[in-house]
Each structure stands twice: as C-alpha cells, then as structure tokens.
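Biologist: I have the sequence and the structure open on my bench computer. Could you walk me through some of the local details?

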Amino acid sequence: METNIATATTVKPAPRWDLESVFPGGSGSTEYKIFRDKVRVDLDKAKKAFAKLPTKLAPAAEAQWIRFILEFQRLGEHLGLARSFVHCCISEKVTDELGHAIFGEVDMMIADWFTLHNGLEALFAKQADKQWEKLMANPKIAQIKFRLSEMRTLAKEKMAPELEALALELSVNGYHAWARLYDKISGEITVDFEEAGKVEKLSVGQLQNKFNSPDRAIRQRAFVKFEEAWNSRATLAASALNYQGGFRLSLYKNRNWKSPLHEPLRINRLQEKTLNAMWKAVATTLPAMKKYIEAKKKLLGIDRFCWYDQFAPVGKFEARFGFEEAGDLVVKHLASFSDEMAEFSRKALNNRWIEGEDRPGKADGGFCTGLNLIKQSRIFMTYADDFGSMTTLAHELGHAYHQWVLKDIPYLATEYPMGLAETASIFNELRVTDAALKEVTDPQQKLMLLDQILQQPFILFCNIYARFLFDRSFYAERQKGALSRARLDELMVAAQKEAFAGILDPIEGHHRLFWASKLHFFYTEAPFYNFPYTFGYLFAGGVYERASREGKAFAPKYRAMLQDTGSMTTEEVAKKHLGVNLTRDDFWTAAVSNSVRYVDEFCALANSTM
Ligand SMILES: [Zn+2]
C-alpha cells in the first residue's frame with residue numbers, strides 16, 4: 001500500500017501532551033509542591049531510621065531491615081516521579097525558571113537518596129553470606145533480590161565506606177569537574193561560517209550539523225573549520241582528558257580493579273567475554289561495509305571517502321507524514337506482531353502521553369520518561385512531519401512499552417542497563433522501517449530508506465568501534481603517565497584506521513581531533529560510553545530477527561524478556577528468554593549478518609539509478 005507514504009497531504013500540527021492529569025498547573029502546581037514536601041519529610045525520616053538500623057542482620061532485626069528496604073524503594077519511585085515531572089516542564093518550556101530551580105532541588109533530594117543507597121550497600125557488604133541468604137529468601141523482597149545482591153557485590157568491590165564517601169565528595173570538584181570544564185570549553189567555541197553569501201556565527205554543534213549537508217563543499221568546509229576550532233582548544237581538552245583519566249585510574253587502583261573495563265562492564269551487567277564475542281562478529285562485516293560505502297561514493301560522486309561524508313544523505317524522501325497518520329502507521333505495523341503492543345501505543349496516543357508540537361521555546365531532542373508511580377509514561381519530541389519523525393515516534397513508543405510491561409514490577413527491579421535499554425525502541429524502529437521499505441516503490445525513496453538503515457550498522461561497527469579502540473589504548477597508556485596532545489592524535493588516527501579498515505581516505509579522511517570534539521570521551525557518569533550503543537543495536541536486531549522468524553508466537557516471549565531486563569544480568573536475560581549464550585559467537589554472527597542484509601539491494605539500486 002504505497003499510498004500510505006507517498007502522498008503529500010496537508011497535515012495537522014502534532015498535539016501537545018497532557019501534564020495536567022499528573023499534577024495540575026505545571027512546575028508551579030500546588031499538588032506537585034505538596035507531593036515534593038511529603039517526599040522530603042519522608043526522606044528525613046528515612047535518614048533517621050537508617051541511623052537506627054541494627055548494623056548486624058540478626059533474626060530479630062530482619063523485619064526492621066525489610067521495612068527499611070521497602071521504604072527506601074518507595075522513596076526512589078516517588079523521587080522518580082518528582083524528577084520526571086519537572087523534567088517534562090522544563091523541556092516543554094526551556095525558560096521555565098521555577099522549573100529549573102525545582103529540578104535542582106529534586107536533584108539534591110536524589111543525592112540524599114543515593115547517600116542512603118551507599119550506606120545500605122556498605123551495610124549489605126558487611127553481612128555474612130548465611131544471614132544475607134536468609135534475608136534474600138524473604139518473600140517481601142523476592143522480586144528485588146537481584147538488585148539488592150548486586151548492591152552488596154558492588155560494595156564488596158569498593159574501598160571502605162568512609163573512603164568511598166570521601167572519593168565521592170572529592171569527585172564533585174575533581175573528576176566530574178573536568179567533564180564540566182570540557183562542556184565549558186566546547187560551549188564557548190563559536191565559528192564564523194559562510195553559506196549562500198551569508199556569514200553566521202555557529203556553535204560547534206551547529207557546525208557539525210553541516211556534515212549532514214547534501215553539498216560536499218559545505219561538508220568539507222565545515223569540517224576544516226571544525227578541526228581548526230578544536231585545534232585551538234586541543235591542549236586544554238588534552239589536559240582535561242588526562243586529568244579525568246588519571247583520577248579514574250587512581251580510584252580504580254585503590255579499589256583494586258585491574259581493568260578500566262571493570263566499571264563499564266558492571267554498569268552494563270555484562271561479561272568481558274560477551275563484549276569480545278560481539279566485536280569479533282562485528283569485524284566480519286567489514287567487507288559488506290566496504291561494499292556499501294563504495295556504492296555510496298558513486299552515488300555521492302566522490303572518490304575519497306572522508307570523515308565528513310559519513311552522514312551525507314543519498315536518495316530523496318520528501319513525503320510528509322502528519323502526526324496522526326504516523327501514529328496510525330506505527331500502530332498498524334506493531335499490530336502485525338503483537339496486539340498488545342498496538343493497543344498500548346494507541347492508548348499512549350489517545351491519552352496524549354506525547355508532546356509533539358513544533359513551536360519555539362522547547363528543548364532539543366527527544367526522550368521517553370517513565371512515571372512508574374502512576375503507571376504511565378511521557379514522550380517528548382518535536383514532530384517535523386517527515387519520515388525521521390515517524391521513526392522517532394516509533395522509537396520512543398518502544399521505550400514507553402518497555403516501561404509499560406514493567407509497571408507492576410517493584411521499582412528496584414525496573415532499572416535496566418544501557419545495553420538493554422534500547423531493545424524495545426530499536427525493535428519498533430526496525431519494524432516501521434522494514435514495513436516502509438516493503439511499501440515504497442520509488443527508487444530514490446528506496447535508496448534513502450536503505451541508506452538510513454545501513455548507516456546505523458556502519459556508524460556502530462566503525463565509528464563507535466573507533467571510539468572503543470581509542471578509549472582502550474588511551475587507558476592502557478595513561479597508566480604510565482599523561483599523554484601529549486600529539487600522542488592523542490596518533491592514537492585516534494590509529495583507532496580510526498583499524499575500525500574503518502581502509503574505508504576512510506588515508507590522506508585526508510581521518511578526524512584526528514575526534515578525541516577532543518566528542519563529548520562522550522569526557523562523560524564521567526559512564527566510562528567507555530560507546531560499546532553499549534553497538535551492543536544495544538545488535539541485541540535488539542537479534543531479537544527482531546527472532547520475532548520475524550517466529551511471528552506473533554514470539555510476542556509473549558518478547559514481553560516476558562522485557563519484564564526481566566531489570567532483574568538479571570544481560571547474559572541471563574538472553575539465556576532465559578532467547579536460549580542463547582551471549583559469550584559465544586552464534587548469536588552475534590546472526591545479528592551482524594542480519595544488520596547488513598540490505599547491502600546487496602542498496603548496491604544494485606545504486607548502480608541502476610546512476
Ligand atoms: Zn532510545
């Protein structure tokens with residue numbers, strides 16, 4: 001049914017969301033204030049209760065411990081709603097000053113909650129195995145025992161509680177401060193850029209958007225300016241990276257953690273063997289990636305593929321999709337797999353859980369935030385009536401569905417690691433894109449769609465892999481001392497050469513200052529903020545492939561799998577629900593070959609349209 005996507009119609013503006021039913025009156029809501037005040041009072045009570053908690057888990061203390069743990073959980077869920085709500089308020093209106101102030105206030109309360117969290121985990125670590133097992137057998141906490149035991153294990157791997165508390169305090173003005181300094185360096189860069197006879201002052205982010213231009217000259221000019229701008233700040237950025245890396249390694253040494261991957265693997269509930277199996281499979285796609293880029297070079301009319309060509313668009317897809325039409329399409333494509341997923345998405349659309357209107361004053365980007373406490377979610381985006389917006393809508397509805405299946409699960413069992421967080425969203429995206437691909441007949445539209453599909457594995461297998469390789473070699477050398485700016489450049493070019501395996505032009509194709517220009521290298525909340533993207537994409541792809549083979553029969557299994565994402569390790573989720581061993585090659589081999597299945601079609605179409 002080509003009509004769905006090929007017709008240009010006049011479209012109704014996307015709707016605004018309903019926040020009133022959560023708390024009436026926005027950030028200034030009286031009900032919201034009463035809610036926050038109550039949480040604050042309860043948090044203070046919890047602090048006092050924690051101080052009185054028997055430090056030894058004797059049988060007589062068990063009931064008191066359980067009560068405290070459940071209250072701690074309850075507070076976490078309430079704080080979650082407090083934060084999500086004000087996040088929605090300041091996203092729909094970035095000038096909401098009161099909202100920003102409340103956001104800071106709520107964050108302080110969350111910091112208090114984390115202080116309790118750290119106190120609890122230290123207490124957990126002190127208990128003998130036998131007492132601990134007995135506590136875990138209590139049916140009142142049966143569903144959250146994975147998270148509680150994980151807290152205990154993590155605490156055991158750390159320093160003594162008072163040293164951890166000191167490290168945490170020092171990291172505010174040390175470790176994390178380097179990341180904030182980096183943000184400042186990056187935020188203060190402005191570049192004069194001339195386009196169509198007009199000179200504009202651009203931020204580095206805006207300049208980077210020019211890499212998406214269909215005009216090669218613009219992309220190239222933007223890249224030269226971009227490297228110049230970063231070159232002028234490179235020694236500062238090198239210092240920030242070295243100091244923050246040094247801080248991290250000192251902390252690891254004192255915790256007796258041998259590998260810089262220890263922390264990111266823990267955060268992702270993942271084994272190193274799994275990560276290695278994944279990258280090994282990824283490497284086998286390089287011939288397919290090269291073929292794809294060769295065809296793309298022909299389409300773009302270029303013979304040297306450079307860093308700034310990675311996002312160059314090909315094909316044309318000018319069809320307009322109104323919000324309503326996009327919502328109908330998403331529901332339709334989900335219904336062919338799961339009635340429940342379709343019904344859920346319809347409900348989210350009908351109940352106005354989505355902020356889609358295109359108007360000034362909104363924040364950039366999109367997100368889906370769970371309001372666990374009231375068993376709802378809210379999606380934030382700026383709907384632009386194009387295909388990309390439709391896939392974003394499908395993506396965010398996937399996140400909302402994931403939150404929906406977790407709605408009756410206790411809060412401490414609903415927090416899933418980053419590598420699993422994108423399963424439902426990418427799954428939805430793949431469904432919608434695949435369906436669109438089947439319906440489209442125009443070669444230019446098809447080219448654009450195929451390119452959009454293939455650009456994902458290309459970026460995840462080459463660009464993200466280069467970031468991983470850089471991080472790995474940076475930390476290996478940083479153990480011995482600070483790296484010079486020139487050495488960082490060298491490591492970066494070497495990482496790109498290996499990850500792109502000759503795809504980037506050897507003379508002018510690399511982005512040697514990528515280590516400086518990419519925020520992710522400076523992100524202190526999660527080190528190695530790269531491989532979870534590739535993992536998430538491939539994991540979702542593997543699940544999607546299974547769903548395509550098994551059809552509707554897989555839907556209940558899919559749902560059950562999502563429900564377990566917050567209560568076991570990533571390997572256990574895969575073993576229990578997919579019957580696969582992630583530390584072995586087979587799952588990954590199937591997932592990577594599935595992700596490049598359109599390469600031949602793209603190449604054939606590219607040849608026939610020229
Ligand atoms: Zn997402």
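Biologist: Which helices do the buried residues of α23 pack against?
Modeller: Keep in mind that this is a predicted model. In α23, which spans residues 555–563, the buried residues are A555, Y558, M561 and L562. They cover an arc of only 120° around the axis, which puts them on the same side of α23. The helices these buried residues pack against are α15 (339–350), α16 (387–405), α18 (423–439), α22 (531–550) and α24 (570–578).

Biologist: Happy to move on to the metal. Which residues coordinate the zinc ion?
Modeller: Along the chain, the donors follow the spacing H-x3-H-x22-E. Each histidine contributes its NE2 atom, while the glutamate is listed twice through OE, at 2.1 to 2.7 Å. The coordinating residues are H395, H399 and E422.

Biologist: What is the arrangement of the 4 donor atoms around the zinc ion?
Modeller: A tetrahedral label would need all angles to lie between 85 and 135 degrees. Here the angles subtended by the 4 donor atoms run from 51 to 139°, so the arrangement is irregular.

Biologist: How far around the helix are H395 and H399 separated?
Modeller: Both histidines belong to helix α16, where they are 4 residues apart. That spacing means a separation of about one helical turn.

Biologist: Are those two histidines, H395 and H399, buried or exposed?
Modeller: The cut-off for buried is under 20% relative accessible area. H395 comes out at 15%, and H399 has a value of 11%. H395 therefore counts as buried, and H399 is likewise buried.

Biologist: Let's turn to E355. What is its relative accessible area?
Modeller: E355 is found in strand β3, residues 354–355. Leaving out residues up to four places away in sequence, E355 touches P15, R16, W17, E92, K362, I379, F380 and M381. E355 is buried, and its relative accessible area is 0%.

Biologist: Which residue's side chain makes a polar contact with the side chain of E355?
Modeller: There is a backbone partner to mention too: the nitrogen of E357 lies 3.4 Å from a polar atom of the E355 side chain. The contact between side chains has a length of 2.9 Å, and the partner is R359.

Biologist: In the sheet that contains β3, which strands stand at the edges?
Modeller: This is an open sheet of 3 strands with mixed pairing, in the order β3-β5-β4. Two of these strands each have a single partner, so one side of each is left without a neighbour in the sheet. The edge strands are β3 and β4 (367–371).

Biologist: How does β5 run relative to β3 and to β4?
Modeller: β3 is joined to β5 by 2 bridges, and I354 stands opposite I379. On the β4 side there are 5 bridges to β5 (residues 376–380), including the pairs L371 with Q376 and G370 with S377. So far as direction goes, β3 and β5 run parallel, whereas β4 and β5 run antiparallel.

Biologist: How many residues of β5 are buried?
Modeller: β5 is largely enclosed by the rest of the structure. The reason is the count of its buried residues, which is 4 of the 5.

Biologist: Which residue in the turn between β4 and β5 has a positive phi?
Modeller: β4 and β5 form a hairpin, with 4 residues between them. The phi in question is about 55°, and the residue is K375.

Biologist: And for the hairpin of β1 and β2, which residue in the turn has a positive phi?
Modeller: Strands β1 (residues 190–195) and β2 (residues 198–203) run antiparallel and are joined by 6 bridges. Among the pairs, V191 stands opposite L202, and E194 has V199 as its bridge partner. The hairpin has 2 residues between the strands, and the one with a positive phi, about 50°, is A196.

Biologist: One last stop, please. Which residue's side chain is in polar contact with that of K38?
Modeller: K38 lies in helix α2, residues 30–52. Its C-alpha atom is 14 Å from that of I110, a residue 72 positions apart along the chain. The polar contact of the K38 side chain is 2.8 Å, and the partner is D42.

Notes:
Residues are numbered from 1 along each chain as its sequence is written. This is a predicted model: local features need pLDDT of at least 70, side-chain atom pairs count only at pLDDT 80 or more; totals for chains, interfaces and linings use all residues. Side-chain values use heavy atoms; hydrogens and water are left out. Buried means under 20% relative accessible area, exposed over 50%, partly exposed in between (1.4 Å probe, protein chains only). The arc is that of the directions from the helix axis to the C-beta atoms. Contact means heavy atoms within 4.5 Å. Donors are N, O and S atoms within 2.8 Å of the metal (3.2 Å for Na, K and Ca); water is not among the atoms, so sites may look incomplete. Four donors count as tetrahedral if all angles lie between 85 and 135 degrees; four count as square planar and six as octahedral if opposite donors are over 155 degrees apart and all others between 65 and 115; anything else is irregular. A polar contact is a pair of N or O atoms within 3.5 Å; within protein, one must be able to donate a hydrogen and the other to accept it, and residues adjacent in sequence count only if both atoms are side-chain atoms. Two strands pair if DSSP finds at least two bridges between them.
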